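Please open the model in your viewer and keep the selection tool at hand. The stops below take one region at a time, and each begins with what to select.

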Amino acid sequence: MPALVSFDLILLGLKDPGPTGRSRFASLMARLTERDPMEFNDPAAMKGAPLFEAISAQRAREITGLLEEAGILVEIRPVPGRPPSGDREVVATRECPRCGFIQPAGDPECQKCGLIFAKWEREQIQRMQRERQLEETLTKLVQVREEWRAKAKRYLERHPLPDGAVAPFQKRLHHGEIPFARLESAEGPILMTSRRMLVTKGGTTISIPYEIIADVDVGGGLTLKKDLVNLQLKFAGPLPVGQEQLKSLRLQVTKESATMRDVVMDWAFARSFVCGSCGASDMDFRVQRGKVHVRCMHCATDHEVDLEEAVAIPLLSE
Ligand SMILES: [Zn+2]
Ligand SMILES: [Zn+2]
């Protein structure tokens with residue numbers, strides 16, 4: 001014959017309302033209810049609310065004993081005429097992570113602002129994964145950059161730059177960027193650095209990351225003067241320069257500079273933008289609002305290219 005009375009356990013407070021007491025409360029409640037301890041992280045907000053509802057006399061005694069040991073003060077409130085049904089149930093609360101509204105736990109969405117909790121939690125996990133991914137990408141980028149700096153230093157040891165070679169480019173150089181070679185062209189000087197080529201053309205200096213150079217052509221075609229040689233840089237995608245989008249850039253270099261074609265090819269061919277998400281180097285270039293974008297052909301992650309920094313930054317969708 002079922003009992004005709006059941007009990008609610010009402011939270012009165014904690015003996016120790018400090019962090020230790022609160023954490024004991026959360027972990028014991030989580031154990032008793034098999035729920036997430038996060039649901040019990042604000043006992044002050046749960047004061048006066050039933051922790052357990054419609055439980056049997058025996059269950060009430062067991063639980064009260066455990067709660068008392070943990071310094072949790074409860075009132076045992078009998079409800080005559082209501083048989084026990086909730087020996088495993090609990091009324092807990094949760095705080096909306098967006099608007100802060102406190103409501104009974106277990107609701108799928110916030111009563112006040114409509115946030116769907118499961119969706120929010122899923123997004124949090126995805127955001128953390130993306131942030132970790134980005135961090136790994138940046139760590140790799142720093143390592144790679146260090147290798148190219150070392151390579152530039154080794155080159156300089158064998159071929160020191162003449163005095164003043166870097167002067168016209170000084171303002172454009174970034175911290176940690178190592179200039180290591182200079183070429184001369186009819187259009188103006190060209191500087192090769194550990195990061196990119198800085199090319200003077202029509203009075204402006206164009207930043208060309210090696211990663212965007214797909215091919216290098218030397219010789220062929222007419223030049224202004226006999227002692228000049230065509231050096232054509234072909235790009236993997238359009239390069240925005242002012243209002244134009246260049247697919248390639250033709251420079252007329254001196255014969256002496258033309259002998260450095262192998263150095264240009266070495267740096268241009270060894271490097272390509274790598275996908276920040278999957279590490280593939282199969283990238284599709286396009287220009288969007290004046291900026292170079294590369295999309296990974298492997299996993300479709302979109303990146304924005306910083307032409308000054310010579311990096312492709314993965315764009316994390318919200
Ligand atoms: Zn809310
Ligand atoms: Zn990818």
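Begin by selecting His-303 together with Pro-314, its bridge partner in β16. Extend the selection to strand β15 (residues 302-306), which runs antiparallel to β16 and is joined to it by four bridges; strands here are DSSP runs of type E with at least two residues, helices are DSSP runs of type H or I with at least four residues, and both are numbered from the N terminus. Two strands are said to pair if DSSP finds at least two bridges between them.

Before going further, a word on what is on screen. This is a predicted model, in which local features need pLDDT of at least 70 and side-chain atom pairs count only at pLDDT 80 or more, whereas totals for chains, interfaces and linings use all residues. Residues are numbered from 1 along each chain as its sequence is written, and chains are lettered from A and ligands numbered from 1 in the order in which they are written.

**The four-stranded sheet**

Now widen the selection to the open sheet of four strands, whose order is β13-β14-β15-β16 and whose pairing is antiparallel. Its edges are β13 (283-288) and β16 (311-314), each of which has a single partner strand, so one side of each is left without a neighbour in the sheet. Neighbouring strands of this sheet are turned by 35° against each other on average, direction ignored, the axes being lines fitted to C-alpha atoms (for helices over the stretch in contact) and angles running from 0 to 180 degrees between N-to-C directions.

**The whole protein**

Zoom out until the whole chain is visible. The protein has six helices and 16 strands, and along the principal axes its C-alpha atoms fill a box of roughly 110 × 35 × 30 Å. How does its radius of gyration stand against that of a compact globule of 318 residues? The protein has 34 Å, where such a globule would have a value near 20 Å; the radius is taken over C-alpha atoms, and the globule rule is 2.2 Å times the number of residues to the power 0.38. Buried residues make up 24% of the 318 residues, where buried means that 20 or more other C-beta atoms lie within 10 Å of the residue's own, exposed means 12 or fewer, partly exposed lies in between, and C-beta atoms are placed from the backbone.

Colour domain 1 (5-115) and domain 2 (139-272) separately, as given by the domain assignment, whose bounds come from an automatic or database source. The C-alpha centres of these two domains lie 68 Å apart.

**Helix α4**

Select residues 117-158, which form helix α4. Its end C-alpha atoms are 62 Å apart, which agrees with the 62 Å that its 42 residues should span at 1.5 Å a residue, the expected span being 1.5 Å times one less than the number of residues. Of these 42 residues the number buried is one, so α4 lies largely in the open.

**Domain 1: a sheet and a glycine**

Next, show the open sheet of three strands in the order β2-β1-β3, again with antiparallel pairing. Here β2 (50-55) and β3 (72-80) stand at the edges with a single partner strand each, so one side of each has no neighbour in the sheet. The twist averages 15° from one strand to the next. Strand β1 (residues 5-14) pairs with β2 over three bridges, and Leu-9 stands opposite Phe-52 in β2.

Then pick Gly-65 in helix α3 (residues 57-69). Is Gly-65 buried or exposed? With 10 C-beta neighbours inside 10 Å, Gly-65 counts as exposed. A distance drawn from Gly-65 to Val-305, which is 240 residues away along the chain, gives 63 Å between the C-alpha atoms.

**Glu-177 and the hairpins**

Finally, select Glu-177, in the loop between α4 and β6 (179-185). Glu-177 is buried, with 20 other C-beta atoms within 10 Å. Leaving aside residues up to four places away in sequence, Glu-177 touches Thr-193, Ser-194 and Arg-195, contact meaning that the C-beta atoms, placed from the backbone, lie within 7 Å.

From there, follow β6 into strand β7 (residues 188-193), with which β6 pairs in the antiparallel sense over six bridges; the two form a hairpin with two residues between them. Arg-182 has Leu-191 in β7 as its bridge partner. A hairpin through two residues also joins β7 to β8, where Ile-190 stands opposite Val-199.

Notes:
Contact = placed C-beta atoms within 7 Å.
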